[in-house]
Amino acid sequence: MIHYLPTIHSQREGFERLASLAADAEKLKADRLEVDFSKCGFFDANMAASLAAILARIADNLNAVEIVKVPSAIERVLRKNGFLLAYGYSAIDDVNQTTLPFQRIQLSDKGRFADYLKQHLKGKGIPRMTDGLGKVFKQSIFEVFQNAVIHSNSRLGIFVCGQFYPQVQRLDLTIADAGIGIRTNVRRYLGTNVSSTEAIRWALQGGNTTKTGSQPGGVGLKFLKDFIALNEGKIHLASRLGFYEYCNGKETFEKLAADFMGTVVNLEINTGDTQSYRLSSEISPEDIF
């Protein structure tokens, strides 16, 4: 079958459009899928992680997946970040260092994601932070990845990709999995058939977690929300039929028009932010008075 991929941005419509690809190929088995980019006017490069999670699930059903007719501008970016390499395309050097490369990380290889953050966040427009806050910032992003490892049951791995857009002063980092989704986890934990949006709402409330044991949950996301509120960035979360956005201090919960299998979290940082950030414990009396 041929699926014509439309324009994909890091927003609700973009996740819906990728989810429609999953829906179209849901019953495809031991067959061939051709993803045709000829109608795609623009593709936010970080969304390669979301697309990869969907294509991995389709390929897992013994389907051959091809990506064809990619417009030159889109092809250049997706070769720079390495996404297209698995589909027969050659690599292009990222001379301007604007990509956070696409990687597929197995659940057992958590150290690889920590190395990824350490190596690729540097020089991508992150607002100025003290060393202490920078460490907490990376730890919080790592917890988002850790949650995917713990909750997703994604034997196909975790997919990560990012892009620095200097002209619009924006850095997007996307973490996606091909797992069971937040709804299934929350339903199992609560023993009730909550909707996708209700499940996301429950999972984001302080103190709620499906983790077992003494380790607290939600600390990383809470820190990131506090930072994003000051930074004037955005957080997106899509899972099954639910979509969440945190922007300008407001939370929005919406139903997706199509089922986005698995879960994806997108962190959008405002790189035009000229503030300097530090932990409150690092503030001295001299700073206050």
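Student: In what order do the three strands of the open sheet stand, and with what pairing?
Tutor: In this predicted model, local features need pLDDT of at least 70, side-chain atom pairs count only at pLDDT 80 or more, and totals for chains, interfaces and linings use all residues. Residues are numbered from 1 along each chain as its sequence is written, and side-chain values use heavy atoms, with hydrogens and water left out. Strands are DSSP runs (E, at least two residues; helices are H or I, at least four), numbered from the N terminus, and two of them pair if DSSP finds at least two bridges between them. The open sheet has parallel pairing and the order β1-β2-β3.

Student: Which strands stand at the edges of this sheet?
Tutor: An edge strand here has a single partner strand, so one side of it is left without a neighbour in the sheet. That applies to β1 (2-4) and β3 (64-68).

Student: Which residue stands opposite Ala64 in β3?
Tutor: Strand β2 (residues 32-36) runs parallel to β3 and is joined to it by five bridges. Opposite Ala64 in β3 stands Arg32.

Student: How many degrees lie between the planes of Phe113 and Tyr116, which form a stacked aromatic pair?
Tutor: Rings of Phe, Tyr and Trp (its six-membered ring) pair if their centres lie within 6.5 Å, and planes under 30 degrees apart count as stacked, over 60 as edge-to-face and the rest as tilted. Both residues lie in helix α4 (residues 110-120), three residues apart, about one turn of the helix. Their rings are 6.2 Å apart centre to centre, and the angle between the planes is 10 degrees.
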